[in-house]
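Biologist: Before we begin, may I ask you to explain how the terms in your description are justified?

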Amino acid sequence: MSNSVLIDGRQPVIFCDYDGTITEEDVIQMVMREFAPSEWKRIVADILDHRTLSIKDGLSQLFGLLESARRDEITQFVIEQVRFRAGFQELLAFCAIRKIPFLVVSGGVDFIITPVLDRLNAPLQLFCSQARFDEARIQIDMPWLPKACDECKQCACCKIRILEDYPVDKYYRITIGDSLTDLGMTERADMAFARARLLDYASEKNLPVTPFDDFTDVLSVLSMHLESLSFTEARV
Ligand code: MG
């Protein structure tokens, strides 16, 4: 018997942010605090507070502060320091049993995300920017940055573009996020979970989101929703 589930006749798929959502802290800022000269603070302030620098340009500037030769040191640091938000592994196990694809969609960079997620040995897919180490300072390639973009023109990794590869007639799109770069996918979701500043942005736009503190909240809402569906189907 298959354990796969459908919602409204569609395949559920989860799109989940990484920094500050899967992880308790913003990993880019953790790395900068440890490895970058203090100039990183001005760049982050220009991105987040003054809004004078786009995320994509800011990301390149931040990693451009780091020496490529320190790659292994940085990787080891994130493996040791990054903490997952509670319930994350349980949610992954739940999705694996029910064959719900779990996509990590991140504005971050592969070499500080992949080594951390690999420890879980879970069937998830990662969409993010990619680091190169062939120059003295770390360079960033952005495969998920659309060439022509009519949306925010800000993000290094367009989460809307990734979401739209899963058309709404076939997929029930569930999003989980915590900040402004998650707003686009939140607006297009069938079911959206939000925490931190994303809650404020969603309420400004009157978007129906489910607040969550950690993944045990997400798991209980999702499993209740799926159980109620199977109960309805059993009665039909
Ligand atoms: Mg985030």
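**Aromatic rings and a metal site**

Modeller: In this predicted model, one aromatic cluster is formed by Phe-84, Phe-88, Phe-102, Phe-212 and Phe-215. The structure holds ten aromatic pairs.

Biologist: Why is the pair of Phe-84 and Phe-88 called tilted?

Modeller: Their ring centres lie 5.4 Å apart, with 45° between the planes. Rings pair if their centres lie within 6.5 Å, and planes neither under 30 degrees nor over 60 degrees apart count as tilted, so the term applies.

Biologist: What makes the pair of Tyr-166 and Tyr-171 edge-to-face?

Modeller: The planes of Tyr-166 and Tyr-171 stand at 75° and the centres are 5.0 Å apart. An angle over 60 degrees counts as edge-to-face, and therefore this pair does.

Biologist: Why is Tyr-166 called buried, and why is Tyr-171 called partly exposed?

Modeller: Tyr-166 has 15% relative accessibility, and buried means under 20%, so Tyr-166 is buried. Tyr-171 has a relative accessible area of 22%; partly exposed lies between 20% and 50%, so that term fits Tyr-171.

Biologist: Which residues coordinate the magnesium ion, and how do you know that they are donors?

Modeller: Asp-17 (OD), Asp-19 (O) and Asp-178 (OD) coordinate the magnesium ion at 2.1 to 2.2 Å. Donors are N, O and S atoms within 2.8 Å of the metal, so these atoms qualify. Asp-17 and Asp-178 are 161 residues apart along the chain.

Biologist: Why are Asp-17 and Asp-178 called buried?

Modeller: The relative accessible area is 4% for Asp-17 and 12% for Asp-178. Buried means under 20%, so the word holds for Asp-17 and for Asp-178.

Methods
Residues numbered from 1 in each chain as written. Predicted model: local features only at pLDDT ≥ 70, side-chain atom pairs only at ≥ 80, totals over all residues. Heavy atoms only, no water. Donors = N, O, S within 2.8 Å, 3.2 Å for Na, K, Ca; no water. Helix = DSSP H or I, 4+ residues; strand = E, 2+ residues; numbered from the N terminus. Buried < 20%, exposed > 50% of the residue type's maximum accessible area, 1.4 Å probe, protein only. Phe/Tyr/Trp six-rings, centres within 6.5 Å; stacked < 30°, edge-to-face > 60°.
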